[in-house]
Amino acid sequence: MEIFLDTAQVDEIRRATAWGVVTGVTTNPTLMARAGGDPETVLKTIAQLVPGPVSAEVIATDAEGMVREGRHLASLADNIVVKVPMTPAGLEATHRLAREGIRVNVTLVFQPGQALLAARAGATFVSPFVGRLDDVGEDGIGLVEEIVAIFRAQRLSTRVLAASIRHPRHVIAAARVGADIATMPMAVLEQLMRHPLTDAGLARFLADWEAARKGETEAAAARR
Ligand code: E4P
């Protein structure tokens, strides 16, 4: 399972890509607004920082507008993927953009039928929203699992991008059920790599090393 960062903060992306585990980025209008600055400049900068896909979402709600915006977003960098909401207009835009060879990520997917339609329309990625489903008492990871099973059974090549990830357990569960990608905020990525026993273990190793060195120094001084 690939790891994408769900952010438009350039400093976070720069820091995370240095670890060699992040292969793509997803943004949305909320994240772009939070990052501030000129959206096109921000997107171009992000696209240069990551090796893989960078999802940039359209604002238009009609198919014509989405296609127009999508073409423009895709022209900003080779690795920009157009993110389109799961609506009838979004499906039409997906179909039209895909026919032009532009990759589309269909977002705001909350049930398997939406994922199936998005795949049939030509989406390269579908984004089921795990955390937002859990928030309303539904089973976000269960949705990811079902979409993975459907795509496998139907031999659909559309990639399942688990989104709205809120904590490390979501990431592990998404990997277990076969998601192709999980996109997560920086805070979740940082939590994923930490454990208190790792920190305590390292502190202990370093303390033991220092104590041994001090002992050797003192023994050498006593011999002199
Ligand atoms: C997906 O690509 C979205 O940007 C994102 O995962 C939404 O997450 P949220 O529910 O935490 O806003």
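Q: Here a strand is a DSSP run of E with at least two residues, numbered from the N terminus. With that in mind, what is the place of Leu108?
A: This is a predicted model, and in it Leu108 belongs to strand β5, which runs over residues 104-109.

Q: Why is Leu108 called partly exposed?
A: Its relative accessible area is 31%. Buried would need a value under 20%, and exposed a value over 50%. Leu108 at 31% falls in between, so partly exposed is the label it gets.

Q: What makes the phi of Leu108 worth a second look?
A: Leu108 has a positive phi, about 65 degrees, and it isn't a glycine. Most residues other than glycine have a negative phi.

Q: Which value does Ser164 have for phi?
A: Ser164 comes in at about 55 degrees, a positive phi again for a residue that is not a glycine. You'll find Ser164 in the loop that links β7 (159-162) and α9 (168-176).

Q: Why is Ser164 called buried?
A: Buried means a relative accessible area under 20%. Ser164 has 9%, so it counts as buried.

Q: What makes Ser164 one of the residues around the ligand?
A: To be near a molecule, a residue needs a heavy atom within 4 Å of it. A polar side-chain atom of Ser164 is just 2.7 Å from a ligand oxygen atom, so Ser164 passes that test. The protein covers 86% of the 350 Å² of accessible area that the ligand has on its own.

Q: Which other residues are around the ligand?
A: Alongside Ser164 there are Asp6, Thr26, Asn28, Lys83, Phe129, Arg132, Ala163 and Arg166. By class, this shell has 4 charged, 3 polar and 2 nonpolar residues.

Q: Why does the pair between Arg132 and the ligand count as a polar contact?
A: The cut-off is 3.5 Å between N or O atoms. An N or O atom in the Arg132 side chain is 2.7 Å from an oxygen atom of the ligand, so the pair qualifies. Asn28 also has a polar side-chain atom 2.7 Å from a ligand oxygen.

Q: Where does the ligand sit?
A: The ligand is in the largest pocket.

Q: Why is Thr7 called buried?
A: Thr7 has a relative accessible area of 4%. The limit for buried is under 20%, so Thr7 makes the cut. Its place is the loop between β1 (2-6) and α1 (10-17).

Q: What lies 3.0 Å from a polar atom of the Thr7 side chain?
A: That would be the backbone nitrogen of Gln9. At 3.0 Å the pair is within the 3.5 Å limit for a polar contact.

Terms used:
Residues are numbered from 1 along each chain as its sequence is written. This is a predicted model: local features need pLDDT of at least 70, side-chain atom pairs count only at pLDDT 80 or more; totals for chains, interfaces and linings use all residues. Side-chain values use heavy atoms; hydrogens and water are left out. A polar contact is a pair of N or O atoms within 3.5 Å; within protein, one must be able to donate a hydrogen and the other to accept it, and residues adjacent in sequence count only if both atoms are side-chain atoms. Accessible areas come from the Shrake-Rupley method with a 1.4 Å probe; for residues, only the protein chains shown count as cover. On a 1 Å grid over the protein atoms alone, a cavity is a set of points where a 1.4 Å probe fits but cannot get out, and a pocket is an open set with protein on both sides within 12 Å along at least five of seven lines; lining residues have an atom within 4 Å of a point. A molecule sits in a cavity or pocket if more than half of its atoms lie within 2 Å of its grid points. Ala, Val, Leu, Ile, Met, Phe, Trp, Tyr, Cys and Pro count as nonpolar, Asp, Glu, Lys and Arg as charged, and the others, Gly among them, as polar. Helices (H or I, at least four residues) and strands (E, at least two) are DSSP runs, numbered from the N terminus. Buried means under 20% relative accessible area, exposed over 50%, partly exposed in between (1.4 Å probe, protein chains only).
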